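Grab a pencil and work through these exercises one at a time. Try each task yourself before you read its solution.

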Amino acid sequence: MTAMLVLLVLTIVSPCCVLGYSTFQTRIPNGGIIRDPCDGETIWQGVGHQAVGGGGPRNPFGLDFYNNEKKWNRTLCEMDSDGDGISNGAELGDPLCVWTPGSNPANTPTGHPGLCEPWSDPMCLEKNTFYTCQTKELDCDATNSPDVKELSITFPKSAVPAKETSYMCMNFAFPADHDYHVIADKGLIDNEFVMHHILIYACPTDVELEDLVNPLNTPYVCGMAGEQRCQEIIGMWSVGIPGFCHNENAGFKIGTTGYKYASMQMHWNNPSLRSDYEDSSGMTLYYTPVLRPYNLGNLVIGEYQFSIPPGESRHVIESECSSTCSDRIMTSSVNVVSGLNHMHYMGREMTTFHTPTGGAERAIMADPHYSYDNPKVHTFESPLEIKKGDVLRAKCSFTTSQKNVTTFSGEATSQEMCYAFLFYYPKESIKSTQCLTVMGLPACSLNHGTDLIDGCQLKSFFEDYAYFTQVFAELTKRCETFLCRKECKTYVQELRENPCFQGRVKAYVDRALSSFNGVNEMALYHSCDSELALEAAGPCTCTTESPRSCVEYTGAAVSHQTSLYLLLVAMATVYSM
């Protein structure tokens, strides 16, 4: 009888509860598709509750929603309930606070309004005490074999600098008494409040102890990579990734004829600038003397240098390891066994594609709901064959809705990345560890002696020192800073007929020249930019149907139009005096 009463109560109550959650979901924009930031996939059924399934105590957004009479309006929209610096409206896809129940939100959601994100940020770890993302454990049966040994490398207890981003490295030696294969790895995390990622860069097999710039087992300040010659990534840990269990057919070779030395890089993230943090994290490598059939390699593809404008709900960056580049770096086909996509906190979606020669493109690693805090390791049940001449492409989508300044690519947590890591065998079939683009240009062609990019042979162009000496001598003679002379405009027009000042390579060349030359020289070169842009646009025709006022600049007015670039040059000149 009791059981029947319980069943009756559940039958009556359950639909009511479900209806209640569904009702509240319709009262906020995108209420039914807000995801758990821990895995980026699970739908958070009760957005205003602390539990992912709904019910129970309310989270900060739920409290604000309740206190606002359970209504979505500008007041609730403009709040930042979870205290992560992003308004409720921006996180729910209504940044302008114009959504009304029953209408379609302007954008897709960018976060959870009741959970501080990213959840691994030290500030958010302190705020989200009611909900903790579960740390995964490495699941790798091969590590249980009696022949498998462990090598743990950890930093000595070290003070974390009171700055947002710090990179520290430490060189270490592998066992050298035998040849071994590293078959798995995992992170050893001491202070989760500061750890962003750990990478192990192996040194080429011909590197000896005396070739290392820094001593063994001693931490030192470094950049994205420590030792210049040690660039082959063979181990990695990141938030949300417990470690790697490598394919049964391959391992990273260390020892007598393999890698002898490596550099472990630690990225500490301390945005609150606390001075009391310490850390002694590191990694464990699992290795065996029972060698597998093949040596493992790691290929990185993606875009090295890019920028993302502020206020963008979706900004896409694409990079291609072209047919020319893959043919150049590969000696024979390889088998890709696993990989992962990598962006930072503004990344929302990323896909890596493969196009076989003569075949159709297909996605091989798709993360439609990318989360830095929970990256997905893609493992291929059947190894994916990549041949010489095949194309690999990475497509990254970012959101900068709440940014008011441009975001650049770089190593800091506040900057962005667009990379895909591909583990493959046999290692010997690829001669390089990277196949990248730089500002959209194939890196394999930038320093190649014969490759043309839109008609420009960049290597010979930059090596023609006599040409640039003449160019800047002529600019000095014909041009004046902040004033467009007629003879200067004519000369610059002639210069820009060169294909290296046009098309896709123009931005790359401009940036390179800015690095090689002083502020004054570049100010001369750009002194007629506004006039040339107006001429290229053609005459301005004003009509009553124009969406905004139309002004045509002529004569003396044109010579006073200066670009933001020149304004910045002027400021730099003043402050350098």
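**Exercise 1: a loop residue**

In which loop does Asn-30 have its place?

Solution. Keep in mind that you're looking at a predicted model. Step one: find helix H1 (2-25) and helix H2 (60-67). Step two: Asn-30 sits in the loop that runs between H1 and H2. Step three: check the backbone there. Phi of Asn-30 is near 55 degrees, which is a positive value in a residue other than glycine.

**Exercise 2: a peptide bond to look up**

Find the peptide bond from Tyr-425 to Pro-426: is this bond cis or trans?

Solution. Step one: read off omega, which is near -5 degrees for this bond. Step two: the bond is cis. Step three: place it in the chain. Pro-426 belongs to the loop between S23 and S24.

**Exercise 3: the six-stranded sheet**

Work out the strand order in the open sheet of six strands, and name the edge strands.

Solution. Step one: a general reminder. Strands of a sheet pair through backbone hydrogen bonds, either parallel or antiparallel. Step two: go across the sheet and you get S20-S17-S23-S14-S24-S25, with mixed pairing. Step three: look for strands that pair on one side only. Those are strand S20 (378-386) and strand S25 (441-442), the edge strands. Step four: zoom in on one pair. Strand S14 (residues 297-303) and strand S24 (residues 434-438) run parallel and share four bridges. One place to spot the pairing is Val-300, whose bridge partner in S24 is Gln-434.

**Exercise 4: the five-stranded sheet**

Now do the open sheet of five strands: what is the order, and is the pairing parallel or antiparallel?

Solution. Step one: the order reads S6-S3-S10-S5-S7. Step two: the pairing is antiparallel. Step three: find the edges. Strand S6 (220-221) and strand S7 (232-238) each have a single partner strand, so one side of each has no neighbour in the sheet. Step four: test one pair. Strand S3 (residues 165-173) is joined to S6 by two bridges, and the two run antiparallel. There you'll see Met-168 opposite Val-221 of S6.

**Exercise 5: two helix crossings**

Describe how H10 crosses H9, and how H10 crosses H13.

Solution. Step one: know what to look for. Two packed helices are described by the angle between their axes and the distance between the axes. Step two: take helix H9 (residues 465-478) and helix H10 (residues 486-495). Their axes come within 9 Å and cross at roughly 160 degrees. That angle is over 145, so H9 is roughly antiparallel to H10. The crossing of H9 past H10 is left-handed. Step three: turn to H10 and helix H13 (residues 529-537), whose axes come within 10 Å and cross at roughly 65 degrees. Angles from 65 to 115 count as roughly perpendicular, so that's the label for H10 and H13. H10 passes H13 in a right-handed crossing.

**Exercise 6: empty space inside**

How many cavities of 30 Å³ or more are there, and which residues line them?

Solution. Step one: the count is two. Step two: the largest cavity holds about 70 Å³ of space. Its lining includes Leu-299, Cys-321, Ser-326 and Tyr-424. Helix H6 (323-329), strand S17 (334-342) and strand S23 (418-425) each give two or more residues to that lining. Sort the lining residues and you get eleven nonpolar, one polar and no charged. Step three: the second largest cavity has about 40 Å³. Among the residues lining this cavity are Ser-120, Glu-192, His-196 and Tyr-345. The split here is six nonpolar, three polar and one charged.

**Exercise 7: the largest pocket**

What is the volume of the largest pocket, and which residues are closest to its centre?

Solution. Step one: the largest pocket has about 1400 Å³ of space. Step two: 46 residues line this pocket, and Ile-86, Thr-110, Tyr-345, Met-346 and Arg-348 are the closest to its centre. Step three: ask which element gives the most to the lining. That's strand S18 (residues 347-355), with three residues. Step four: sort the lining into 14 nonpolar, 20 polar and twelve charged residues.

Conventions. Residues numbered from 1 in each chain as written. Predicted model: local features only at pLDDT ≥ 70, side-chain atom pairs only at ≥ 80, totals over all residues. Heavy atoms only, no water. 1 Å grid on protein atoms, 1.4 Å probe; cavity = no way out; pocket = protein on both sides within 12 Å on 5 of 7 lines; lining within 4 Å. Points joined across faces, edges and corners; volume = space filled by probe spheres on them. Nonpolar A, V, L, I, M, F, W, Y, C, P; charged D, E, K, R; others polar. Pairing = 2+ DSSP bridges. Axes fitted to C-alpha atoms, helices over the stretch in contact; angles between N-to-C directions. Parallel < 35°, antiparallel > 145°, perpendicular 65-115°, else oblique. Left-handed = near helix turned anticlockwise from the far one by under 90°.
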